[in-house]
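Please walk through this chain with attention to its helix packing, its nonpolar cores and its unusual backbone geometry. The sequence and the model come first, and the explanation follows.

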Amino acid sequence: MDPVTHITSGALMARAFRGTFPGRLAAFFIILAAWIPDIDNFVGLSPEQYLLYHRGITHSVFGAVVQALVLAGVWKLFRRDVSAMRALAAMYGAIMLHIFLDLITSYGTQLLAPFSDTRFEIAGVFIIDPFYTLTMLALLVASIRSRNCARRLGVIGLAFVIVYPLCCIGVKNTVQTMVPSLLRQHNVAYQSATVTTDPFSPVYWKLIVDDGERIRVASICVLTAAEDDLTFTDFEKADRSVLARLGEKVSMFRTWNWFAAWPVVARSTRSPEQVLTFTDARFYSNNPVLRRLIGERDAPFALEAVLAPDGTLLEYTYDSPGNGKDEPHTP
């Protein structure tokens, strides 16, 4: 989830508990705790380390304890009259609110790090949801400006932070139950079909279909799902054993293979070499509204391999979100 949403959620939590934790200093530490897991964005991770460790230990239920202890201890240095257990509970609660907001996106969060690198997700909200964030901001402003209902509006805002994603997950599950009949209606063969978030969820949802050889991506509008045609973008399904073989030579391929949920591949030639471009269908969208707004965009987290005719890896490049495509690397 974006930083504005995390910070706003912390501010709403501070407003909701202003009777228990009065004062600006308390609000500052609660807001800081609601943001602090994203400190892993600022520790100089390489692109491969970012895939491995972003939303790792700082976003786990165990790492949250350590962060909460540190923040509660610093808070106590400034305000000795604050109960240590209350300060610890407030810090842990705000950090867990951050983790909840990341868990409801499709990126995945390592809840059990460092004991497990499994990425958990209950995708219900797209990573940037204007309605969600702007509503939170409106409730925060209303709470700050209100003389009589400040805490009540904070409670309503905090409740909205939690209830809205749960409602979105409910909508997603409803769409998921519609998928088999929709695919039969459009004569689409499939082995598995998964609904996940898309720009402008909960109105639009991404449908990812695996038919054994291809990964097919379509956008479903809940308002017109029964009448609309399903427009698919088709990708060749990536062979994970190829990624594993390349990973024996360069660890980035092994890491990317672990990270990708629906790996797909595009093939091209750079005579006599072959070029394989791996992307994750989880981050591709053919949402019609998004297309009208920004046009066609390549999926992020693309990993490109240039292979010799005998399959030897000659060079590779990685397209990192925010940093763009890097210079070619040789094994």
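Helices and strands are here DSSP runs, of at least four residues for a helix and at least two for a strand, and they are numbered from the N terminus. The model is a predicted one, and every value below is computed from it.

With that numbering in hand, the cis peptide bonds can be placed. One of them joins Ser 201 and Pro 202, with an omega of about 15°, and Pro 202 sits in the loop that runs between strand 1 (192–197) and strand 2 (204–210). Another cis peptide bond links Ser 271 to Pro 272, with omega about 0°; Pro 272 belongs to the loop between strand 5 (263–270) and strand 6 (273–280).

Backbone phi angles give a further point of interest. Arg 55, although it is not a glycine, has a positive phi of about 60°, and this residue lies in the loop connecting helix 3 (47–53) with helix 4 (61–78). Is Arg 55 buried or exposed? Its relative accessible area is 3%, and because buried means under 20%, Arg 55 counts as buried. Phe 301 is likewise not a glycine and has a positive phi of about 60°; its place is the loop between helix 10 (288–294) and strand 7 (302–307), where a relative accessibility of 7% makes Phe 301 buried.

Arg 55 also appears among the contacts of Gln 110, a residue found in the loop between helix 5 (84–103) and helix 6 (130–145). Gln 110 is buried, since its relative accessibility is 4%. Once residues up to four places away in sequence are set aside, Gln 110 touches Leu 52, His 54, Arg 55, Gly 56, His 59 and Ser 60, as well as Ser 116, Asp 117, Thr 118, Arg 119 and Trp 258.

Turning to the nonpolar interior, the largest nonpolar core comprises 55 residues, and those with the most contacts inside it are Trp 75, Met 91, Tyr 132, Leu 183 and Leu 207. For Met 91, leaving aside neighbours within four places in sequence, the contacts are Phe 29, Ile 30, Ala 33, Ala 68, Leu 71, Ala 72 and Trp 75. A second core, separate from this one, has 22 residues, including Leu 243, Phe 253, Leu 276 and Tyr 318.

Several partners of Met 91, among them Phe 29, Ala 33, Leu 71 and Trp 75, reappear where helix 2 meets helix 4. Helix 2 (residues 24–35) packs on helix 4 at an angle of about 165°, their axes being 11 Å apart; angles over 145 degrees count as roughly antiparallel, which means that helix 2 is roughly antiparallel to helix 4. The crossing of helix 2 past helix 4 is right-handed. From helix 2, Leu 25, Ala 26, Phe 29, Leu 32 and Ala 33 meet Leu 71, Val 74, Trp 75 and Phe 78 of helix 4, and by class this contact has 9 nonpolar residues, with no polar and no charged ones.

Helix 2 also packs with helix 1 (residues 3–16), at an angle of about 145° and with the axes 8 Å apart, and helix 1 passes helix 2 in a right-handed crossing. Here His 6, Ile 7, Ser 9, Gly 10, Ala 11, Met 13 and Ala 14 in helix 1 meet Ala 27, Ile 30, Ile 31, Ala 34 and Trp 35 in helix 2. The residues of this contact divide into 9 nonpolar and 3 polar, with no charged residue among them.

Notes. Residues numbered from 1 in each chain as written. Predicted model: local features only at pLDDT ≥ 70, side-chain atom pairs only at ≥ 80, totals over all residues. Heavy atoms only, no water. Buried < 20%, exposed > 50% of the residue type's maximum accessible area, 1.4 Å probe, protein only. Contact = heavy atoms within 4.5 Å. Core = buried A, V, L, I, M, F, W, Y, C linked by side-chain atoms within 4.5 Å. Axes fitted to C-alpha atoms, helices over the stretch in contact; angles between N-to-C directions. Parallel < 35°, antiparallel > 145°, perpendicular 65-115°, else oblique. Left-handed = near helix turned anticlockwise from the far one by under 90°. Nonpolar A, V, L, I, M, F, W, Y, C, P; charged D, E, K, R; others polar.
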